[in-house]
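This report is written for a reader who meets the structure for the first time. The ligand site is treated first, followed by charged pairs, backbone geometry and the surface.

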Amino acid sequence: MSESLQRRLVRQASASYRPAGPWAWHFARGKLARDPVFAALLRPGLLPATGRYLDLGCGQGLLASWLRAAAALHAGHDWPAEQPAPPRISAYHGLDMQATAIRHARQALADCDFPTRLDLGDLRDFALPDADVITLFDVLHYLPGTAQESLLQRIRDSLPPDGRLLLRVGDGAAGLPHHLSRVVDSLVVRLQGGTWPRLHCRPATAWLGLLGELGFRVEPFPMAGAGFANVLLRARPI
Ligand SMILES: C[S@@+](CC[C@H](N)C(=O)[O-])C[C@H]1O[C@@H](n2cnc3c(N)ncnc32)[C@H](O)[C@@H]1O
């Protein structure tokens, strides 16, 4: 993706957080500009052309703001000819346990042209609604090991045959870069009003093994310029 498109996307996607206040807006700008996962979402073939999204541990809903901004630029012919059309959200359902994050997400996504629902709750006892794409970005390590396994099993059972789980996890075997990533995650949760979380990490190979045992076919997707030790995985039911 060109730098110019990236800049326009960051500006457009973060602007929707202005009503939520300076913290939400600055956080959105910084994360959307620096986190390579957002550019990776626009790679051809990673996501379906359109679909219902379930974003577990959605934070302030950056994923939906980003794809909404991409759809708006594309519809407004402000989109490079060489860049494939962006994936479109047909409905978005986000869940997070932090009230501040959900409030910011509700404000930012209030005028979407697709149905949105943002729930405050704990994904450990959340009944999973139907979805074509389920996302878990930097979330699983907040859950103890058995809760990670039971959530992934429930996701496997709920996905349609052509559905996909997109998850980003830390590589617990990556040493210092991994520890830095986890410090950043903990700080974000703390700054948004949560308590210091206890984290439960696994090496990337263990995540791949677990997903395979649960009946997923998994493909790792490289993220350009990823400084920290996170891996983006696409998992599809076998
Ligand atoms: C590092 S943030 C990532 C937010 C978002 N996925 C993103 O990429 O911008 C992790 C999020 O997971 C949420 N979370 C952690 N444990 C959770 C749980 N048991 N139920 C719901 N949300 C949870 C936190 O509140 C936090 O917003």
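## Ligand site

In this predicted model, a backbone N or O atom of Leu 123 lies 3.0 Å from a nitrogen atom of the ligand. A nitrogen atom of the ligand is also 2.7 Å from a backbone N or O atom of Gly 57. The side chain of Gln 98 places an N or O atom 2.9 Å from an oxygen atom of the ligand. Taken alone, the ligand exposes 590 Å², and the protein buries 94% of that area.

The ligand is surrounded by 18 residues, of which Gly 57, Asp 96, Gln 98, Asp 122 and Leu 123 come nearest. Sorted by class, this shell holds 8 nonpolar, 4 polar and 6 charged residues.

## Salt bridges

Side chains of opposite charge can pair when their charged atoms come close. A search of the whole structure finds 11 salt bridges. One of them joins the side chains of Arg 168 and Asp 35, at 2.7 Å from N to O. Arg 168 belongs to strand S5 (residues 164-170) and Asp 35 to the loop between H2 and helix H3 (36-40), so the pair ties together parts that are 133 residues apart in sequence. Arg 168 has a relative accessible area of 4% and is buried; Asp 35, at 10%, is buried as well.

Arg 52 forms a salt bridge with Asp 132, with 2.9 Å between the closest N and O atoms. Distant parts of the chain are linked by this pair: Arg 52 is in strand S1 (residues 50-56), while Asp 132 is in the loop between strand S3 (116-120) and strand S4 (133-137), 80 residues apart. Arg 52 counts as partly exposed, at 32% relative accessibility.

## A further pair and a network

Which residue forms a salt bridge with Arg 202? The partner is Glu 149, and the closest N and O atoms are 2.9 Å apart. Arg 202 is placed in the loop between H7 and helix H8 (204-213) and Glu 149 in helix H6 (residues 145-158), so this salt bridge ties together parts 53 residues apart in sequence. Arg 202 counts as buried at 16% relative accessibility, whereas Glu 149 is partly exposed, with a relative accessible area of 30%. Elsewhere, Lys 31, Asp 35, Asp 138 and Arg 168 are joined into one network by salt bridges that share partners.

## Positive phi angles

Asp 138, a member of that network, has a positive phi of about 60° although it is not a glycine. Asp 138 is found in the loop between S4 and H6, and counts as buried at 11% relative accessibility.

His 77, which is not a glycine either, also has a positive phi of about 60°. Its place is in the loop between helix H4 (62-75) and strand S2 (88-96). Is His 77 buried or exposed? With a relative accessible area of 75%, His 77 is exposed, because exposure requires over 50%.

## Nonpolar surface patch

On the surface, Trp 23, Val 183, Leu 187 and Leu 191 form a nonpolar patch, and together they have about 380 Å² of accessible area. Helix H7 (residues 176-191) gives the most to this patch, with 3 residues. Trp 23 is found in helix H2 (residues 22-34). At 37% relative accessibility, Trp 23 counts as partly exposed.

Key
Residues are numbered from 1 along each chain as its sequence is written. This is a predicted model: local features need pLDDT of at least 70, side-chain atom pairs count only at pLDDT 80 or more; totals for chains, interfaces and linings use all residues. Side-chain values use heavy atoms; hydrogens and water are left out. Patches are made of residues with over 30% relative accessible area and no salt bridge: like charges are joined within 9 Å, nonpolar side chains (Val, Leu, Ile, Met, Phe, Trp, Tyr) within 5 Å. Accessible areas come from the Shrake-Rupley method with a 1.4 Å probe; for residues, only the protein chains shown count as cover. A salt bridge is a side-chain nitrogen of Lys or Arg within 4 Å of a carboxyl oxygen of Asp or Glu. Helices (H or I, at least four residues) and strands (E, at least two) are DSSP runs, numbered from the N terminus. Buried means under 20% relative accessible area, exposed over 50%, partly exposed in between (1.4 Å probe, protein chains only). A residue is near a molecule or strand if one of its heavy atoms lies within 4 Å of it. A polar contact is a pair of N or O atoms within 3.5 Å; within protein, one must be able to donate a hydrogen and the other to accept it, and residues adjacent in sequence count only if both atoms are side-chain atoms. Ala, Val, Leu, Ile, Met, Phe, Trp, Tyr, Cys and Pro count as nonpolar, Asp, Glu, Lys and Arg as charged, and the others, Gly among them, as polar.
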